[in-house]
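Trainee: I'm new to reading protein models. Could you walk me through this one, feature by feature?

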Amino acid sequence: MAEFTIADTHFFCQCAIDLHQRPFADAASMSSEMIRRWNAAVGPDDTVYHLGDVASFRRKQTAVEFLRALNGTKILIVGNHDRGKQDEFWRACGFTEIHWQPHNHPLVILSHIPVRRPERLNIHGHIHCRPYHYTGDVELFRCVSADRTGFAPILLETALKGGCTWKSGCESCMHYRDDRGDTSGS
């Protein structure tokens, strides 16, 4: 059983493509590809800490069906775009725990928005590919926005070891393309 983390999936949100220059034609194709990548990385017995900004759904039933199709035990640290929903909604979508404040994992602080002056490593989302604008030790921060993780959850261990640190942003979120411009990840 492995632990994974991701943030800012923004499933079914066209504005995430437009605003963050995600390399997908539309929200439906982005969401389909991200579910494929999620389920390729995460097994049924794994745990995923989703650090907020899950999705934009117009209908509850669509959200429930879609999010329940994602592998793993899902734990939510609520993001700023998730706040209009209650715990019951997130539980119906398959999240087993819902945290409305930063969560103290045994190894790190998990949050949506970066914690100001953390005393230990803070794994977070929210900033997507923007550079850090925080004072202090940027080595205490790891951003796991989907834009930085190849649009799939990454092992928590990878984040702990610094596998997702970018001090100056993400080259407009296009650093996952190979020389041919391919973003398939294969």
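Trainee: Let me start with one side chain: is F12 buried, partly exposed or exposed?

Mentor: Keep in mind that this is a predicted model. Burial is read from relative accessible area: under 20% is buried and over 50% is exposed. F12 comes out at 32%, so it is partly exposed.

Trainee: And how buried or exposed is F66?

Mentor: F66 has a relative accessible area of 12%, so it counts as buried.

Trainee: How do I describe two aromatic rings that sit together?

Mentor: You give the distance of the centres and the angle of the planes. Here the count of aromatic pairs comes to five. In one of them, the ring centres of F12 and F66 are 4.9 Å apart with the planes at 75°, so this pair is edge-to-face. F12 belongs to the loop between β1 and α1, while F66 is in helix α3, so their pairing ties together parts 54 residues apart in sequence. Another pair is F89 with W90: centres 4.9 Å apart, planes at 80°, so edge-to-face again. F89 is buried at 10%, and W90 is buried at 2%.

Trainee: Which residues form an aromatic cluster with F12?

Mentor: F11 and F66 join F12 in one cluster.

Trainee: Now helices. What should I check in α2?

Mentor: Start with its length. Helix α2 covers residues 27–41, and at 1.5 Å a residue its 15 residues should span 21 Å; the end C-alpha atoms are 21 Å apart, so the two agree. Then look at the start, where a side-chain oxygen of D26 comes within 3.2 Å of the backbone nitrogen of A28.

Trainee: Which residues of α2 are buried?

Mentor: First the general idea: an α-helix has 3.6 residues a turn, so residues three or four places apart point the same way. In α2 the buried ones are A27, M30, S31, E33, M34, I35, R37 and W38. Their cover includes the strands β1, β2 and β3 along with the helices α1 and α3. You can read α3 in this manner too: A63, V64, F66 and L67 are buried there, with α2, β3, α4 and β4 among what covers them.

Trainee: What is the order of the strands in the sheet?

Mentor: Trace it from one edge to the other. The five strands of this open sheet run β4-β3-β2-β1-β9, and the pairing is mixed. The edge strands β4 and β9 have a single partner each, so one side of each has no neighbour in the sheet. Further in, β2 and β3 are parallel partners over four bridges, and T47 stands opposite T73 in β3.

Trainee: Which residues touch the most other members of the largest nonpolar core?

Mentor: That core has 28 residues, and the ones to look for are F11, W38, V54, L67, W90, C93 and F95. Two or more of its residues come from each of β1, α2, α3, α4 and β4. Another core, of 13 residues, lies apart from it and includes I75, V144, L156 and A159.

Trainee: Last one: where is L76, and what does it touch?

Mentor: L76 is in strand β3, and at 0% relative accessibility it counts as buried. Beyond four places in sequence, its contacts include H50, V54, W90, F95 and E97. L76 and E97 are 21 residues apart in sequence, yet 6.2 Å apart in space, C-alpha to C-alpha. F95 makes contacts of its own too, including H50, L67 and K74.

Definitions and conventions
Residues are numbered from 1 along each chain as its sequence is written. This is a predicted model: local features need pLDDT of at least 70, side-chain atom pairs count only at pLDDT 80 or more; totals for chains, interfaces and linings use all residues. Side-chain values use heavy atoms; hydrogens and water are left out. The expected span of a helix is 1.5 Å times one less than its number of residues. Buried means under 20% relative accessible area, exposed over 50%, partly exposed in between (1.4 Å probe, protein chains only). Contact means heavy atoms within 4.5 Å. A polar contact is a pair of N or O atoms within 3.5 Å; within protein, one must be able to donate a hydrogen and the other to accept it, and residues adjacent in sequence count only if both atoms are side-chain atoms. Two strands pair if DSSP finds at least two bridges between them. A nonpolar core is a set of buried Ala, Val, Leu, Ile, Met, Phe, Trp, Tyr and Cys residues joined through side-chain atoms within 4.5 Å. Rings of Phe, Tyr and Trp (its six-membered ring) pair if their centres lie within 6.5 Å; planes under 30 degrees apart count as stacked, over 60 as edge-to-face and the rest as tilted.
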